[in-house]
Amino acid sequence: MPERLRLVDLVNTRLELFLDQRASHLSTIGDELAVFTDASRDLLGGGKRFRALFCYWGWHAVAGTVDPDDLLADLDAHPDLTSIIDAAAALELFHAAALVHDDIMDNSDTRRGMPAAHRRFESVHRSREWRGDADRYGASAALLLGDLLLGWSDELLDAGLSALPDAAAARSARAEFHTMRAEVTVGQYLDILEEVAWREADERELLPRAHRVVVYKSAKYSIEAPLALGALMAGASLEQVAAVRAFGLPLGVAFQLRDDLLGVFGDPHVTGKPAGDDLREGKRTVIIALARANLPPGAVTLIDELLGDATLDDHQIATLQATIRDSGAVDTVEQIIARSVAEAVAALEHAPLSRAARAELIGLSDLVTRRAH
């Protein structure tokens, strides 16, 4: 849709300007710091801007009295839109920070078809033949890049919130951002905890524990929180905030479950990640919990022995993929995705939100859950 593309262009332009400003600042400290803004530009050059889109439509759902095409065509005539563009861009910076840290923890080689940040820094270390361990340098430099992006996301959000005429709305939006940041951080911890401590859990708890990771590591910060942030910036009522959450959480679950399927079965030429990457990383996802619950003991043993082995070859990946498919887990996850999307769409039916936003959110619900990458 034209307004969707226009919004993405506005967010991209804001990010470019922001990084130009930060590059100028870093250059006053030292030319060698350009590596941070260069890596940031490359990482932020990709992505689908889903969080930015949901933030904007959460705002429009409450504030939208103007046709979206007219609204985005004349930014100067709608000063509140400048604030929401800043907030939307801040979410993309936050997401980039999370990706950098996630790739370090998962020891991933690629991100969006390019070397992951820590691999990028490792490569520089090796090519320059610097002293010390290249892997350690790469992880350390990437950790700092992630921290820098996290701080920058705060700066950009503050710029947007400070321009809001409603101070109470700004405080509520800031609190939402704080909650999102805390929840995704502990959700990431729960994810890595499951990889190493899952044997301590009762078998009956593996599925709900995997679902908890879905909710807090991804579903809330990918869709629910951006929607709520935008709505709160528009001065949403309690009923309106509840409505966007009722839509955003089940859709966020569906979004992450699709991502989990891609992590096991996705085409590396499309996803930008190696085939079966989640299997090598040992992700104890909903798919794995469902597969284990429906397989005979021998197949469960096979999964438990191979999952998390970073040296898995293509044949072993294919064996794991076939075993998971045979369990019926893929079909079950597809059913959960469909039910979650239906629940999200149903929540919009009588929601006190703008008609344009409800229509766009329904369209986005299909886009984010049927993607191939």
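Buried means under 20% relative accessible area, exposed means over 50%, and partly exposed covers what lies in between. Keep those cut-offs at hand for the exercises below, which use a predicted model.

**Exercise 1. Classify Asp135 and Arg126 by burial, and find how their side chains are paired.**

Step 1. Start with Arg126, whose relative accessible area is 48%. Exposed would need over 50%, so Arg126 counts as partly exposed.

Step 2. Turn to Asp135. Its relative accessible area is 38%, and Asp135 is therefore partly exposed too.

Step 3. Now look at the contact: Asp135 and Arg126 form a salt bridge, with 2.8 Å between the closest N and O atoms.

**Exercise 2. Work out which parts of the chain the salt bridge between Glu92 and Arg49 ties together.**

Step 1. Find the pair in the structure: the side chains meet at 3.5 Å, N to O.

Step 2. Place each partner. Glu92 sits in helix α5 (residues 79–106), while Arg49 belongs to the loop between α2 (34–44) and α3 (50–63), so the bridge ties together parts that are 43 residues apart in sequence.

Step 3. Check the surroundings: both Glu92 and Arg49 are buried.

**Exercise 3. Describe the largest cavity and the residues that line it.**

Step 1. Begin with the search of the whole structure, which gives one cavity of 30 Å³ or more. The largest cavity holds about 60 Å³ of space.

Step 2. List the lining: Glu194, Leu206, Ala210, Arg284, Thr285, Ile288, Ala289 and Arg292.

Step 3. Sort these residues by class. You should get four nonpolar, one polar and three charged.

Step 4. Assign them to helices. Both α9 (206–233) and α13 (286–294) supply at least two lining residues, and α13 gives the largest share, with three.

**Exercise 4. Follow Arg292 from the cavity lining to its salt-bridge partner.**

Step 1. Arg292 is one of the residues lining the largest cavity. With a relative accessible area of 9%, Arg292 is buried.

Step 2. Its partner is Glu203, and the closest N and O atoms of this salt bridge are 2.8 Å apart. Arg292 lies in helix α13 and Glu203 in the loop between α8 (167–197) and α9, so the pair links distant parts of the chain, 89 residues apart.

**Exercise 5. Count the salt bridges in the whole structure and pick out a network.**

Step 1. The search finds 31 salt bridges.

Step 2. For the network, trace Asp102, Asp103, Asp106, Arg111, Asp191, Glu195, Lys217 and Lys283, which salt bridges link together.

Conventions:
Residues are numbered from 1 along each chain as its sequence is written. This is a predicted model: local features need pLDDT of at least 70, side-chain atom pairs count only at pLDDT 80 or more; totals for chains, interfaces and linings use all residues. Side-chain values use heavy atoms; hydrogens and water are left out. On a 1 Å grid over the protein atoms alone, a cavity is a set of points where a 1.4 Å probe fits but cannot get out, and a pocket is an open set with protein on both sides within 12 Å along at least five of seven lines; lining residues have an atom within 4 Å of a point. Grid points are joined across faces, edges and corners, and a volume is the space filled by probe spheres set on the points. Helices (H or I, at least four residues) and strands (E, at least two) are DSSP runs, numbered from the N terminus. Ala, Val, Leu, Ile, Met, Phe, Trp, Tyr, Cys and Pro count as nonpolar, Asp, Glu, Lys and Arg as charged, and the others, Gly among them, as polar. A salt bridge is a side-chain nitrogen of Lys or Arg within 4 Å of a carboxyl oxygen of Asp or Glu. Buried means under 20% relative accessible area, exposed over 50%, partly exposed in between (1.4 Å probe, protein chains only).
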